Amino acid sequence: MGMSHRELLSIGEFSVRTALSIPALRHYDEVGLLRPARVDPGTGYRRYRLDQAPQAKLIRHLRSVDLPIDQIRRALADQSGRDAAAVLQLHRERLLERAHAIAQLAETLGRHFDEGTEDMDVAKEDRVVQVTVPARNLDATVRFYTEAFGLEYDQSIASFQFGAWETDSFFLLTLDASADRDGTAPARFGLYVDDLDAAHTAALAAGAALLQSPKETDYAPRSSVIADPSGNQISLYQR
């Protein structure tokens with residue numbers, strides 16, 4: 001026998017009990033991380049069981065240390081605890097690397113203020129900031145990256161821009177429309193995404209061809225492989 005509305009908590013009541021915001025609860029429902037016990041088919045109102053609160057609080061704690069949603073899903077699905085332990089260990093290593101980088105930057109900033117220097121010499125590693133891929137069907141390819149990844153195409157430089165100029169996230173994905181004339185072979189490249197399953201699904205919905213479903217490997221992050229409308233192979237990696 002199903003539970004009555006009186007035995008279920010409204011999304012507002014559940015939000016108060018779990019300290020998760022209502023927008024967060026709606027998002028976790030949409031991505032399949034925390035489903036309500038019942039959704040009213042007429043109004044769309046979400047209701048939760050009280051025994052869902054411990055899992056909701058666990059999700060809140062995991063998100064508070066920036067664990068990606070895809071990795072939270074993997075940890076919660078693991079009944080043995082082995083996968084969850086591996087996920088948390090890997091994330092702990094990432095956090096330690098980030099803390100080390102922040103400590104180095106703080107030290108550099110401290111010297112800047114202590115010594116009164118005008119310029120700060122913050123060491124940066126060389127990295128690739130632009131990749132050019134063939135676009136046999138330019139309009140379809142532009143539409144794909146716009147719909148799949150929410151990118152904005154700058155026609156003046158024939159590129160999609162990730163991040164801001166002079167930041168560590170800056171990157172240009174340039175489309176070469178002449179590839180259809182000179183027979184350039186399709187390119188292969190990879191993209192980091194925050195939620196692999198969501199990004200993979202969005203890419204397929206935007207017209208990508210499926211080459212490899214999301215899977216785990218021993219030597220790299222969880223990943224999938226798709227092809228854009230011009231045949232370029234894109235490996236999507238869980239950040």
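**Entry 1: a facing pair**

I began with Gln161, and found that it stands opposite Leu172 in S7. I then looked up Phe162, which stands opposite Phe171 in S7. Worth noting before I go on: this is a predicted model. Both pairs belong to the match between strand S6 (residues 159-162) and strand S7 (residues 171-176), which pair in the antiparallel sense over four bridges.

**Entry 2: the sheet around S7**

Next I wanted the whole sheet. I found four strands in an open sheet, in the order S4-S7-S6-S5, with mixed pairing. At the edges I noted strand S4 (130-134) and strand S5 (153-154), each pairing on one side only.

How do S4 and S7 run? I checked, and they run parallel, joined by five bridges. As an example I picked Pro134, whose bridge partner in S7 is Asp176.

I also asked myself how many residues of S7 are buried. I got five of its six, so to speak a mostly covered strand.

Then I looked for what lies over this sheet. Helix H6 (residues 138-149) lies across S5, S6 and S7, and I noted that H6 runs at about 155° to S7.

**Entry 3: the second sheet**

I found another open sheet of four strands, ordered S8-S11-S10-S9, and here too the pairing is mixed. S8 and strand S9 (209-215) are at the edges with a single partner strand each, so one side of each has no neighbour in the sheet. I wrote down the twist as well: from one strand to the next it averages 20°.

Inside this sheet I followed one pairing. Strand S10 (residues 223-227) and S11 pair in the antiparallel sense over five bridges. For a residue to look at, I took Ala227, which has Gln233 as its bridge partner in S11.

Which helix packs on this sheet? I found H8 there, touching S8, S9, S10 and S11. The direction of H8 makes about 170° with that of S9.

**Entry 4: the nonpolar core**

I reminded myself of a rule of thumb: in soluble globular proteins, nonpolar side chains tend to be buried together. So I went looking for the largest nonpolar core here, and it has 24 residues. Phe144, Tyr145, Phe149, Ile234 and Leu236 are the ones that touch the most other members. The elements giving two or more residues to this core are H6, S7, strand S8 (188-193), helix H8 (196-205) and strand S11 (233-238). H6 gives the largest share, five residues.

Apart from this core I noted another one, of 18 residues, among them Phe14, Ala24, Ala56 and Leu67.

I zoomed in on Leu236. Skipping its neighbours within four places in sequence, I listed some of its contacts, including Phe149, Leu191, Val193, Leu196 and Ala199. His200, Arg222, Ser223, Ser224 and Ile226 are also in contact with Leu236.

**Entry 5: Phe189**

Phe189 is found in strand S8. Buried or exposed? I looked up Phe189 and got 11% relative accessibility. Buried means under 20%, so Phe189 counts as buried.

What does Phe189 touch, leaving aside neighbours within four places in sequence? I found Val133, Tyr145, Leu173, Asn232, Gln233, Ile234 and Ser235 in contact with Phe189. I checked the spacing to Ile234 too: Phe189 and Ile234 are 45 residues apart in sequence, but 5.3 Å apart in space, C-alpha to C-alpha.

**Entry 6: two helices, H3 and H4**

I moved on to a helix pair. Two packed helices are described by the angle between their axes and the distance between the axes. For helix H3 (residues 53-64) and helix H4 (residues 69-77), I noted that the axes come within 11 Å and cross at roughly 140°. H3 and H4 are therefore oblique to each other. The crossing in which H3 passes H4 is right-handed.

Which residues meet between them? On the H3 side I wrote down Gln55, Leu58, Ile59, Leu62 and Arg63, and on the H4 side Ile69, Ile72 and Leu76.

**Entry 7: the chain as a whole**

Last, I took a step back. I counted up the secondary structure of the protein chain as eight helices and eleven strands. The protein chain has 239 residues, of which 33% count as buried. Among contacts with a separation of 6 or more, I noted that 55% are between residues 24 or more positions apart.

Definitions and conventions
Residues are numbered from 1 along each chain as its sequence is written. This is a predicted model: local features need pLDDT of at least 70, side-chain atom pairs count only at pLDDT 80 or more; totals for chains, interfaces and linings use all residues. Side-chain values use heavy atoms; hydrogens and water are left out. Two strands pair if DSSP finds at least two bridges between them. Contact means heavy atoms within 4.5 Å. Axes are lines fitted to C-alpha atoms, for helices over the stretch in contact, and angles run from 0 to 180 degrees between N-to-C directions. A nonpolar core is a set of buried Ala, Val, Leu, Ile, Met, Phe, Trp, Tyr and Cys residues joined through side-chain atoms within 4.5 Å. Buried means under 20% relative accessible area, exposed over 50%, partly exposed in between (1.4 Å probe, protein chains only). Angles under 35 degrees count as roughly parallel, over 145 as roughly antiparallel, 65 to 115 as roughly perpendicular and the rest as oblique. A crossing is left-handed if the near helix is turned anticlockwise from the far one by less than a right angle, and right-handed if clockwise.
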